[in-house]
Amino acid sequence: MLEEASTTGGRTMKRILLLTAAMMMAGAGYTFAQDTVIVEVPQPAREYVIAHPSDPVVIEGDVAVGTVIPEDVDLVEIPDSPDYAYVYVDKQPIIVSKRDRKVVYLAR
């Protein structure tokens, strides 16, 4: 009977450890997902940017959602969308948040 209790206790402990590990991994994935939130840019802002191309600029490295556009790059204002500005890189419009200059939309 003592052997049965220790075997059952061992299985219970393994289950607890497995559940704890799974919860920790799920929590780590959730934290990562919080860092990659995609912002929904209003459709009129996207249409404006596409209809009004600006002079293209060169930015070193890859540009992706979340990339910070350097301070020395002039951003173009988007009328009726005061939170956003844009720039064209490699003939592609890129919309950024004016608050932190992070890319929030890439037209591909």
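**Exercise 1. A serine in a loop**

Is Ser-54 buried or exposed, and what is its relative accessible area?

*Solution.*
Step 1. Start with the source: this is a predicted model.
Step 2. Place the residue. Ser-54 sits in the loop that links H2 to strand S1 (56-57).
Step 3. Apply the cut-off. Buried means under 20% relative accessible area. Ser-54 has 18%, so Ser-54 is buried.
Step 4. List its contacts. Setting aside residues up to four places away in sequence, Ser-54 touches Val-76, Tyr-86, Val-87 and Tyr-88.
Step 5. Look for a polar contact. The Ser-54 side chain reaches the backbone nitrogen of Tyr-88 at 3.5 Å.
Step 6. Check a distance across the chain. Ser-54 and Gln-92 are 38 residues apart along the chain, and their C-alpha atoms are separated by 9.9 Å.

**Exercise 2. The overall plan**

Work out how many helices and strands the protein has, and in which pattern they follow one another.

*Solution.*
Step 1. Count the elements. There are 2 helices and 5 strands.
Step 2. Read along the sequence. The pattern is α-α-β-β-β-β-β.
Step 3. Gauge burial. The protein has 108 residues, and 25% of them count as buried.
Step 4. Turn to the surface. The accessible surface comes to about 8,200 Å², and carbon and sulfur atoms hold 60% of that area.
Step 5. Sort the contacts by separation. Among contacts with a separation of 6 or more, 53% link residues 24 or more positions apart.

**Exercise 3. An arginine in helix H2**

Determine which residues of H2 are buried, and where they lie around the axis.

*Solution.*
Step 1. Locate the helix. H2 spans residues 43-51 and contains Arg-46.
Step 2. Name the buried residues. In H2 they are Ala-45, Arg-46 and Val-49. Their arc around the axis is only 100°, so they lie on the same side of H2.
Step 3. Check the other side of H2. There, Pro-44 and Ala-51 are exposed.
Step 4. Find the packing partners. The buried residues of H2 pack against S3, S4 and S5.
Step 5. Zoom in on the arginine. Its relative accessibility is 18%, so Arg-46 counts as buried.
Step 6. Trace its contacts. Beyond its neighbours within four places in sequence, Arg-46 is in contact with Glu-40, Val-41, Ile-95 and Tyr-105. With Val-41 there is also a polar contact: the Arg-46 side chain reaches the backbone oxygen of Val-41 at 3.2 Å.

**Exercise 4. The nonpolar cores**

Find which residues form the largest nonpolar core, and which element gives the largest share.

*Solution.*
Step 1. Recall the background. Nonpolar side chains tend to be buried together in soluble globular proteins.
Step 2. List the members. The largest nonpolar core has 11 residues: Ile-59, Val-63, Ile-69, Val-73, Ala-85, Val-87, Val-89, Ile-94, Val-96, Val-103 and Leu-106.
Step 3. Assign them to elements. Strands S3 (84-89), S4 (92-97) and S5 (103-106) each give two or more residues to this core. S3 provides the largest share, 3 residues.
Step 4. Look for another core. A second, separate core has 9 residues, including Val-41, Ala-45, Val-49 and Tyr-84.
Step 5. Examine one member of the largest core. Not counting residues up to four places away in sequence, Val-103 touches Val-63, Ala-64, Val-65, Gly-66, Thr-67, Ile-69, Ile-94, Ile-95 and Val-96.

**Exercise 5. Strand S4 and its partners**

Establish which strands pair with S4, in what sense, and over how many bridges.

*Solution.*
Step 1. Take S3. It pairs with S4 in the antiparallel sense over 6 bridges. Ala-85 stands opposite Val-96 in S4.
Step 2. Take S5. S4 and S5 run antiparallel and are joined by 3 bridges. Ile-94 has Leu-106 of S5 as its bridge partner, and Ile-95 has Tyr-105 of S5.
Step 3. Inspect the S3 and S4 hairpin. It has 2 residues between the strands, and Asp-90 takes a positive phi near 50°.
Step 4. Inspect the S4 and S5 hairpin. It has 5 residues between the strands, and Arg-101 takes a positive phi near 65°.
Step 5. Check cover. S4 is mostly covered, with 5 of its 6 residues buried.

Terms used
Residues numbered from 1 in each chain as written. Predicted model: local features only at pLDDT ≥ 70, side-chain atom pairs only at ≥ 80, totals over all residues. Heavy atoms only, no water. Helix = DSSP H or I, 4+ residues; strand = E, 2+ residues; numbered from the N terminus. Buried < 20%, exposed > 50% of the residue type's maximum accessible area, 1.4 Å probe, protein only. Polar contact = N/O pair within 3.5 Å; in protein donor to acceptor, adjacent residues only side chain to side chain. Contact = heavy atoms within 4.5 Å. Areas by Shrake-Rupley, 256 points an atom, 1.4 Å probe, with all protein chains shown as cover. Core = buried A, V, L, I, M, F, W, Y, C linked by side-chain atoms within 4.5 Å. Pairing = 2+ DSSP bridges. Arc of directions from axis to C-beta.
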